[in-house]
Amino acid sequence: MCMLSTKATCNSHGQDSSYFLGWQEYEKNPYHEVQNTKGIIQMGLAENQLSFDILESWLAKNPDAAGFKRSGESIFAELALFQDYHGLPAFKKALVDFMAEIRGNKVTFDPNHLVLTAGATSANETLIFCLANPGEAVLIPTPYYPGFDRDLKWRTGVEIVPIHCTSSNGFQITETALQEAYQAAQKRNLRVKGVLVTNPSNPLGTTMTRSELNLLLSFVEDKGIHLISDEIYSGTVFSSPSFTSVMEILKERKCDENSLMWNRVHVVYSLSKDLGLPGFRVGAIYSNDDMVVAAATKMSSFGLISSQTQYLLSAMLSDKKLTKNYISENQKRLKQRQKRLVSGLQKAGISCLKGNAGLFCWVDMRHLLRSNTFEAEMELWKKIVYEVRLNISPGSSCHCTEPGWFRVCFANLSEKTLDLAMHRLKAFVGEYFNVPDTNGRSQTNHSRRRSLTKWVFRLSFDDRSPVPGR
């Protein structure tokens, strides 16, 4: 007889996804520019490590914040004692002001409608607990962040029904795709409670258009359901078109407290991506529905943000000179790093979806597949992880409907390491496209694809040597 609960023994966490398996392989053999130059380079981690120097410089100039002091006097005991789970008022005010600043102050946020959570993972799960019952469903456009299979389903018992988007229009949401997803849920006898989107998109690295946002609002209004907009990458938009929050569209549609839609739109935010602070575990839910705010606040007691973290960040985010400089400089650095990745991919004969946001590119490797199947995609992915020694995320882990797309991150590694990664990838593609036949001639595309299964990465060059073109 099993002595553990069904939840503890079930296999619905999603940990067996190739998204997580790639991480596991990286952890077994992590690249280091000195200690392990032949290791796996981590390009499956959406972390923003490009602007730590700005935050560290501010900390050096503001020792009271990091030292838990106020006007030179220690407030350690004050912060160490129990805090109400509503959060520190100063931090909530600073956070909503920062959210508004990122959105160009086109919309404002009321701190009384903000619920603090231990990261966006907790925020999304808490919202699902508030909006849906076990056995009900939310619709999510594909491709989507692989962690949603864990965050939204595992403990809540809620189902995800995909809104299938395709490369034919840059993976944008269409009316047809929305209606087909809704009908698919009905055929499964699932009651749809809402739509969840990420804007900017993870993994696409693109912002949603105004027409898409208006389409979504009209759809959820017609169906009488909720809309969750996960906007944790809102501060990473580095080129046009600019970011448009769903709250801005609500305002344009003149939705207010007298409108039914006013209470049906909810925003998730975090400082993990925009400030590069995932270890601080700072997330938030913003909702105009008082019942959602009340319930989510009670649930937040299971995942609070420490008082010390709130105090430090309230001081940091209240410095408007810092936030203005950080937002601007961080976006410039992201643009430059994304351009470097795109250039490296192009030199390897690989293209990607045109992106303007995020910490990654949605990369098109369909021409490298042995066949137009997900089996071939996994075969290619394994070659890239085990032989090229790059951890990237296959599109199938993001529920993409088309084989051959991959998410490749660029903001969690140095320029030198990024260049090395592109050097490895170019060498791989070069071998793949230039395998001679028995007569010394280059093979056809079909034969070249077959040769992929036999390709073995050559370690004759020294990974520590300068990368050509640097």
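Helices and strands here are DSSP runs (helices are H or I with at least four residues, strands are E with at least two), numbered from the N terminus. Keep in mind that this is a predicted model, where local features need pLDDT of at least 70 and side-chain atom pairs count only at pLDDT 80 or more, while totals for chains, interfaces and linings use all residues. Residues are numbered from 1 along each chain as its sequence is written, and side-chain values use heavy atoms, with hydrogens and water left out.

**Stop 1: the loop before H11**

Select threonine 244, which sits in the loop between E8 and H11. Is threonine 244 buried or exposed? With a relative accessible area of 6%, threonine 244 is buried; the cut-offs are under 20% for buried, over 50% for exposed and partly exposed in between, using a 1.4 Å probe and protein chains only. Now show what surrounds threonine 244: leaving aside neighbours within four places in sequence, there is contact (heavy atoms within 4.5 Å) with Asn199, Arg210, Leu213 and Ile249. If you draw a C-alpha to C-alpha distance from threonine 244 to glutamate 231, you should get 9.9 Å, for two residues 13 apart in sequence.

Step along to serine 245, in the loop between strand E8 (226–230) and helix H11 (246–252). Serine 245 is buried as well, at a relative accessible area of 1%. Turn on the side chain of serine 245 and you'll find that it reaches the backbone nitrogen of methionine 247 at 3.1 Å. Not counting residues up to four places away in sequence, serine 245 touches Arg103, Leu213 and Glu231.

**Stop 2: two domains face to face**

Zoom out and colour by domain: domain 1 is 10–52 + 324–430, and domain 2 is 67–318. These bounds come from an automatic or database domain assignment. Their centres, taken over C-alpha atoms, are 25 Å apart. The contact draws 37 residues from domain 1 and 38 residues from domain 2.

How much area is buried between domain 1 and domain 2? About 3200 Å², with carbon and sulfur atoms giving 61% of it; this is the accessible area (1.4 Å probe) that two parts lose on being put together, summed over both. Don't go hunting for salt bridges between domain 1 and domain 2, as the count is 0. What the rule does find across this interface is 18 residue pairs in polar contact, both residues at pLDDT 80 or more. A polar contact is a pair of N or O atoms within 3.5 Å; within protein, one must be able to donate a hydrogen and the other to accept it, and residues adjacent in sequence count only if both atoms are side-chain atoms.

To see the domain 1 side, pick out helix H2 (18–28), helix H14 (320–347), strand E12 (360–364) and strand E15 (405–409), the elements that give two or more residues to the side touching domain 2. H14 supplies the largest share, 8 residues.

**Stop 3: helix H2**

Stay with H2 and select Ser18, Tyr19, Phe20, Gly22 and Glu25, which are buried. For their cover, show helix H8 (148–151), helix H15 (374–388), strand E13 (390–391), strand E14 (393–394) and E15, which are included in what lies over the buried residues of H2.

**Stop 4: salt bridges**

Side chains of opposite charge can pair when their charged atoms come close. The structure holds 20 salt bridges, each defined as a side-chain nitrogen of Lys or Arg within 4 Å of a carboxyl oxygen of Asp or Glu.

Start with lysine 93 and aspartate 97, whose closest N and O atoms are 2.6 Å apart. Both are in helix H6 (residues 89–102), and because they are 4 residues apart there, about one helical turn separates them. Lysine 93 is partly exposed at 44%, and aspartate 97 is partly exposed at 26%.

Next, select arginine 191 and glutamate 136, which meet at 3.6 Å, N to O. This pair links distant parts of the chain, 55 residues apart: arginine 191 is in the loop between helix H9 (175–187) and strand E7 (192–198), and glutamate 136 is in the loop between helix H7 (119–131) and strand E5 (137–141). Arginine 191 counts as exposed at 55% relative accessibility, whereas glutamate 136 counts as buried at 9%.

Finish with arginine 366 and aspartate 364, at 2.8 Å between their closest N and O atoms. Here arginine 366 is partly exposed at 33%, while aspartate 364 is buried at 11%. Elsewhere, salt bridges that share partners join Asp53, Glu329 and Arg333 into one network.
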